Amino acid sequence: LGVTEGNVFSPIIFVIVVDPAIHRLHSLYLIANFDIGIPVLMKLLILLFYADDGRTFGLTQRAKQFLWSHLGREFAELFFLFNFAINKTAVMRSMPIPKQQRARARTQPPPQYTLSNTPIPQTAVYKHLGVQCHQAGPNKSRAVHNAKLASVLASIEHRAASSSMRSLPLIHCRSIYTTYWWPQVMYAAGLIQTSIPQPFASTESHVLRYFTGGYQHPTVCLRSMLGMPTQQTRIDLDRLRLLFRLFKQSRSGLERCALAVTVAQYDQHRNMQSWWHRTNELLTTMDTICLSPAVRARVTDCPVSWVQMCRHLALHFDDAMDVKQLNTLYDAARAVMLEVEAFRRRSELTACQSSLEEVWDLLDTPNVAPFTCLKRGRRTSMRVDLWGGRRTLFGYRNFHVAVCPWCYEPNQFTIRHVFRDCHVLENDRRIVFTEAAAFLQRHGVKNVCNIDGEDREHWYRLMVGASVDNKKISLQ
């Protein structure tokens, strides 16, 4: 149910017509002689409206028809007509999750409802608040929702491959992708997604290759270059954001009650299709990461157990929440997720260890590579190739060379050796570093470290376009 989307009169119609009808329908349980709506602890959910989308709820056919009849009379008195298109006004019957109960439900004929003396069409799929819902349950709903995103993913790839994107600095491409394109795919990801769908991973891999021109690079290399976490971490962060938003809702409110019911049902029957199942797995992962004393030292506000704390907050729906304390816990949870992301990134690097071990120190960082801010050119392309290791910088035909081509030291044909340690290139290297230090000093850089000794590592990182310690080379 709803009003016309995009019409300038829709907000006025909603306030004048729909809003009073909603309040009257909510009071029906006072006059009904049978149960209507869905009980959620101390609350009763009869209908749910958000902007131009609305849903009514009932556990029995009689209760549903009672709501439809009153709704039809409410709007008939105002001479409003209903749009009975199947994507506008429709009935969807939610099937039980257990297989045996679902099989029995399918053998029963679907109930028939009328609205304003007109039969309401039946549907198995309906989009509510931008999310596809399927009568077969959460797994089928997720599959239908992701299938609908195929055209969005194709559009993102098409725009990423355009010539206009190739002329922009990489940092601008990253901003466009993360700010405008990817949120179209990640909408409600923390609510419905449990793992990364393969089309999502493939699209991001293609987009990053279009941006950087690094067609032979592993995806973890491109993400590290642009300072982007894994897709699973992004979904998990969205799930945590949703969880803490639920905690901040009013005490004994419908949202807190629904969360408490979800957790209590999961404790009784561990259903893998429950939203709390994946949330519980995420919190368990955070507890595992927090077992490390180093993590506990860096994140001082960690609770003893994230699982037990969040479960306690969810079940005590009638307790008033301290918003300041929740914000502190949320910041600590994000800090722990940074440690989780570091573990996932290193796992991906380990899988590509044979080709990326020589540039591991450049990739194992949450920072954006500073060279992505530069105008596109030969230097940017060379650094992109360099961050993929010698196989992308010098080509596959030189990947298995056993000695350094310049100094002939065995097992030293690596990026680090060539750009930092090779003694044959030392004279050229010192000239470049000296000129770079003089250039920085002329342009007002406050701190410029020496080019010899332990500081040689910082000049190597500066040359290859990686982040440098602010105490060694500082603008302020």
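**Asn271**

I looked up Asn271 and found it partly exposed, with a relative accessible area of 25%. I use buried for under 20% relative accessible area, exposed for over 50% and partly exposed for in between, with a 1.4 Å probe and protein chains only. Asn271 sits in the loop between α12 (254-268) and α13. Helices here are DSSP runs of H or I with at least four residues, strands are runs of E with at least two, and both are numbered from the N terminus. I then took the C-alpha distance from Asn271 to Pro98: 9.1 Å in space, with their positions 173 residues apart in sequence.

**Ground rules**

I note that this is a predicted model, in which local features need pLDDT of at least 70 and side-chain atom pairs count only at pLDDT 80 or more, while totals for chains, interfaces and linings use all residues. Residues are numbered from 1 along each chain as its sequence is written, and side-chain values use heavy atoms, with hydrogens and water left out.

**Whole chain**

I counted 23 helices and 10 strands in the protein chain. The radius of gyration is 29 Å, where a compact globule of 476 residues would have one near 23 Å. That radius is taken over C-alpha atoms, and the globule rule is 2.2 Å times the number of residues to the power 0.38. The C-alpha trace spans about 95 × 50 × 50 Å along its principal axes.

Of the 476 residues, 45% count as buried. The chain exposes about 25,700 Å², and carbon and sulfur atoms supply 56% of that area. Accessible areas come from the Shrake-Rupley method with a 1.4 Å probe, and for residues only the protein chains shown count as cover.

I also checked contacts, meaning heavy atoms within 4.5 Å. Among contacts between residues at least 6 apart in sequence, 64% join residues at least 24 apart.

For charge, I found 56 positive and 38 negative side chains, and the centres of the two sets lie 6 Å apart. Lys and Arg count as positive and Asp and Glu as negative, with His and the chain ends not counted. Each charge is placed at NZ of Lys, CZ of Arg, CG of Asp or CD of Glu.

**Strands β3 and β4**

I followed the side chains along β3 (residues 47-50) and saw them alternate: Leu47 and Phe49 point to one face and are buried, while Leu48 and Tyr50 point to the other and are not. Strand β3 runs antiparallel to β4 (residues 53-56), with 4 bridges joining the two. Two strands pair if DSSP finds at least two bridges between them. Opposite Leu47 stands Thr56 in β4.

**Strands β7 and β8**

Strand β7 (residues 125-128) pairs with β8 in the antiparallel sense over 4 bridges. The bridge partner of Tyr126 is Cys133 in β8. The hairpin of β7 and β8 has 2 residues between the strands, and Leu129 in this hairpin takes a positive phi near 55°. In β8 (residues 131-134), Val131 and Cys133 point one way and Gln132 and His134 the other way, and all are buried.

I then asked which residues His128 is in contact with, leaving aside neighbours within four places in sequence. They are Leu48, Asp53, Gly54, Arg55 and Cys133. His128 belongs to β7 and counts as buried because its relative accessibility is 9%.

**Leu115**

Leu115 lies in β5 (residues 114-115). With 0% relative accessibility, Leu115 counts as buried. I put its C-alpha atom 8.3 Å from that of Gln65, which is 50 residues apart along the chain.

**Ile289**

Ile289 is in helix α13 (residues 275-289) and, at 16% relative accessibility, counts as buried. Not counting residues up to four places away in sequence, Ile289 touches Val295, Glu339, Val340 and Phe343. From Ile289 to Ala437 I found 41 Å, C-alpha to C-alpha, for 148 residues apart in sequence.

**Positive phi in the loop after α20**

I looked at the loop between α20 (390-393) and α21 (415-421), where Tyr408 is found. Tyr408 is not a glycine, yet has a positive phi of about 60°. Is Tyr408 buried or exposed? Tyr408 is exposed, because its relative accessible area is 61%.

Asn411 also has its place in the loop between α20 and α21. Its phi is near 60°, a positive value in a residue other than glycine. Asn411 is exposed, with 64% relative accessible area.
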